[in-house]
Each structure stands twice: as C-alpha cells, then as structure tokens.
Amino acid sequence: MKLTIPEDYHPQLVPETMEQAIKMLKTVFQEELSRQLNLRRVTAPLFVLAGTGINDDLNGVERPVSFPVKSMGDRRAEVIQSLAKWKRMKLGAYRIPPGYGLYTDMNAIRSDEDLDNIHSMYVDQWDWEMTITEGDRNLEFLKETVRKIYEAVKHMEQFVYKTYSHIYPILPREITFFHSEDLLKEYPQLTPRERETEAARKYGAIFIIGIGGVLPDGQIHDGRAPDYDDWTTPTDEGHKGLNGDIIFWNPVLNSAIELSSMGIRVDRETMLTQLKIRGCEERTSLDFHKALLEGSIPLSIGGGIGQSRLCMFFLRAAHIGEVQSSIWPEEMIETCRKHNIYLK
C-alpha cells in the first residue's frame with residue numbers, strides 16, 4: 001500500500017458541500033468539453049462479451065473482471081477496462097462525420113490496480129471520441145485538440161474559483177508540450193515517472209507525446225496497447241507517436257497527476273505494425289480488428305479524462321477516496337482518518 005500524507009492537511013470543503021461541488025464539477029465540465037470538441041453524449045455499456053477484441057487490454061497484463069452469462073450458455077462477459085474501441089465502433093454505427101464525436105460516462109473496475117492516493121479499483125472517466133479525416137492524422141491536429149481540452153479545464157478552474165473563492169486558480173495560461181524522447185534527453189538519470197514529476201513541477205501543466213514506443217535507451221515511457229493509440233507514426237519533429245498524456249502538478253501531494261490519456265487512433269497500417277511489434281498479430285481475427293482492417297470503422301481521435309481525478313485536483317483533495325466511493329484497505333482508512341482524510 002502506497003500512501004502520501006500531506007503535512008497539516010485540511011479538506012477545503014465540508015462533506016455536504018463536497019458532494020454539491022462534485023456534482024457541479026461533473027455537470028459544468030462535460031458541457032464545456034462537449035462545446036469545445038463538438039461532442040454529443042451517448043450511453044455506454046458496463047460490460048462486453050469476451051473474445052471480441054472490444055474490451056481494452058490497457059498494458060496487456062491487467063486482468064478484466066469477468067463472469068458467465070447464464071442465458072448465453074455461460075459465455076463470458078467482461079467488465080470494461082476502458083471504451084477506446086467501443087467508442088470508435090459507435091462513431092461508425094452512428095455515422096458521425098469528421099469534426100464531430102461523442103462522449104460518455106465510463107465506469108470500470110480494475111481489480112489489479114495498486115491502491116494509493118490517486119489510484120482506485122473504481123475508475124470513472126469521460127470517454128470521448130471524434131471522427132477525423134486522413135489529413136487530420138498529424139501532430140499539429142493532436143496539439144490543437146489538447147489545447148481545446150485544456151481550455152475546458154481552465155474554464156472549470158475559473159468556475160470553481162467563482163463558486164469557492166478560497167480555492168485559487170493555479171494552472172498556467174498554456175499547456176506545455178514535450179515528446180517522451182525530449183524528456184529522456186533532459187532527465188537521462190531519472191525514471192519516466194520522475195521525469196514527469198520534474199516537468200510538471202516546472203511547467204504546471206504538460207502534455208507528453210509518444211507514449212508506448214521504444215525510446216533511445218531501449219525502454220518505453222509507459223505502456224500502451226497496440227490497437228488503439230498510434231505510437232509509431234513519424235512526426236515532423238523527427239520523433240514518433242500521435243498520442244500522449246495530460247499531466248498537471250498537484251501541490252497538495254507535491255507530485256504529478258495524470259488526468260487524461262488520449263491520442264489519434266491507429267489506422268489499418270499502423271495497427272498491423274504495432275501488433276507485430278508487440279507480438280499480438282493473432283488479434284487480427286477478432287471482431288474489432290477485422291472491422292478496422294476492412295475499413296468499416298472511421299479514423300478517429302479520442303481519450304479518457306478522469307472524473308474523480310479532475311474533482312480531486314480542483315477541490316484540492318489529498319486522496320481520490322474523498323471524491324468517489326470505492327473500497328480501501330482498513331490500514332489505509334485508519335491512517336487517512338488520523339490525518340483528516342475521510343474516505344467515502
């Protein structure tokens with residue numbers, strides 16, 4: 001169990017006000033995100049059938065929560081881990097044109113998660129996806145989309161300040177872009193997480209590009225599945241990758257906090273390349289992968305934005321359990337209680 005206890009921590013809001021603030025945050029932010037990216041809300045599944053390729057494998061090692069479906073001959077269903085592939089299929093099913101997209105409330109269970117201040121078994125995020133053209137598959141379009149999301153975040157920060165005037169804005173005017181290879185060059189002696197921490201501390205809000213591909217030192221910055229984000233396409237800056245993470249500096253925990261993983265999605269050629277790199281070429285026989293190879297799924301960009309993490313950041317909470325209901329080890333609950341941190 002990993003746990004950080006901030007010195008002299010006191011919640012910014014009492015429990016009743018905290019609940020009101022969470023509701024307000026979620027309502028206002030999703031409306032602004034929808035406006036910035038031309039998204040409409042849809043309803044998402046809690047589980048999908050196993051063996052279809054629709055459920056995400058994340059880093060390929062997390063075990064999905066699964067159960068047998070009695071009325072389907074005990075065929076197994078899996079609780080979703082994220083909706084990256086499902087959303088892209090819906091873009092095609094709803095015939096959403098380029099420049100428009102969808103978003104949904106994604107609720108997942110990740111039972112293999114290592115629990116700490118910002119990690120919970122219960123995952124809640126806004127999953128969004130937008131149809132794009134072949135001409136949009138470039139680094140500048142990715143950055144433009146990140147800036148729009150950041151504008152939605154900045155709008156939310158001002159809304160929080162106007163509502164709770166003792167919670168002052170702290171985000172910089174603009175988000176700073178780095179490629180994971182640039183961070184390696186700048187901080188060669190540090191681990192990827194330590195690089196994120198130092199860059200976030202210095203700039204306040206950063207977007208790290210190119211997550212999943214092998215860096216010059218033979219390592220990867222962080223794991224990415226081979227069949228949704230594009231982490232191999234060469235860019236104009238001499239690097240590779242059309243995906244990345246939005247990361248803020250969290251002054252309460254004195255650390256970096258990832259709020260979004262997103263990117264331009266694989267096309268047919270990129271998916272085949274990345275499946276080969278990861279030794280997962282057998283996936284081409286799965287429903288999702290066959291549909292992509294046949295061209296029946298549109299090109300897209302998409303990602304997830306953590307709802308509880310965003311609330312935690314804006315309301316200056318020290319533990320994600322202050323803004324969401326989940327289950328926690330008794331030792332963690334007791335330690336937090338001794339330091340004015342009350343988990344739901």
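Here is a quick briefing on the fold, the surface and one enclosed helix of this chain. The model is a predicted one. Its secondary structure adds up to nine helices and 11 strands. The part to zoom in on is helix α8, where eight of the eight residues are buried.

**Overall shape**
- With 344 residues, you'd expect a compact globule to have a radius of gyration near 20 Å, and the chain agrees because it comes out at 20 Å.
- Lay the C-alpha trace along its principal axes and it spans about 55 × 55 × 40 Å.
- Take the contacts with a separation of 6 or more: 72% of them link residues 24 or more positions apart.

**Burial, surface and charge**
- Some 55% of the 344 residues count as buried.
- The chain exposes about 15,600 Å², and carbon and sulfur atoms supply 50% of that area.
- On the charge side there are 41 positives and 51 negatives, and their mean positions sit 3 Å apart.

**Helix α8**
- This helix covers residues 307-314, and with eight of eight buried, it is largely enclosed by the rest of the structure.
- Buried here means under 20% relative accessible area, and the roll call runs Gln307, Ser308, Arg309, Leu310, Cys311, Met312, Phe313 and Phe314.
- An α-helix has 3.6 residues a turn, so residues three or four places apart point the same way.
- After α8 comes arginine 316, which has a positive phi, near 55°.

Methods. Residues are numbered from 1 along each chain as its sequence is written. This is a predicted model: local features need pLDDT of at least 70, side-chain atom pairs count only at pLDDT 80 or more; totals for chains, interfaces and linings use all residues. Side-chain values use heavy atoms; hydrogens and water are left out. Helices (H or I, at least four residues) and strands (E, at least two) are DSSP runs, numbered from the N terminus. The radius of gyration is taken over C-alpha atoms; the globule rule is 2.2 Å times the number of residues to the power 0.38. Buried means under 20% relative accessible area, exposed over 50%, partly exposed in between (1.4 Å probe, protein chains only). Contact means heavy atoms within 4.5 Å. Accessible areas come from the Shrake-Rupley method with a 1.4 Å probe; for residues, only the protein chains shown count as cover. Lys and Arg count as positive and Asp and Glu as negative; His and the chain ends are not counted. The place of a charge is taken as NZ of Lys, CZ of Arg, CG of Asp or CD of Glu.
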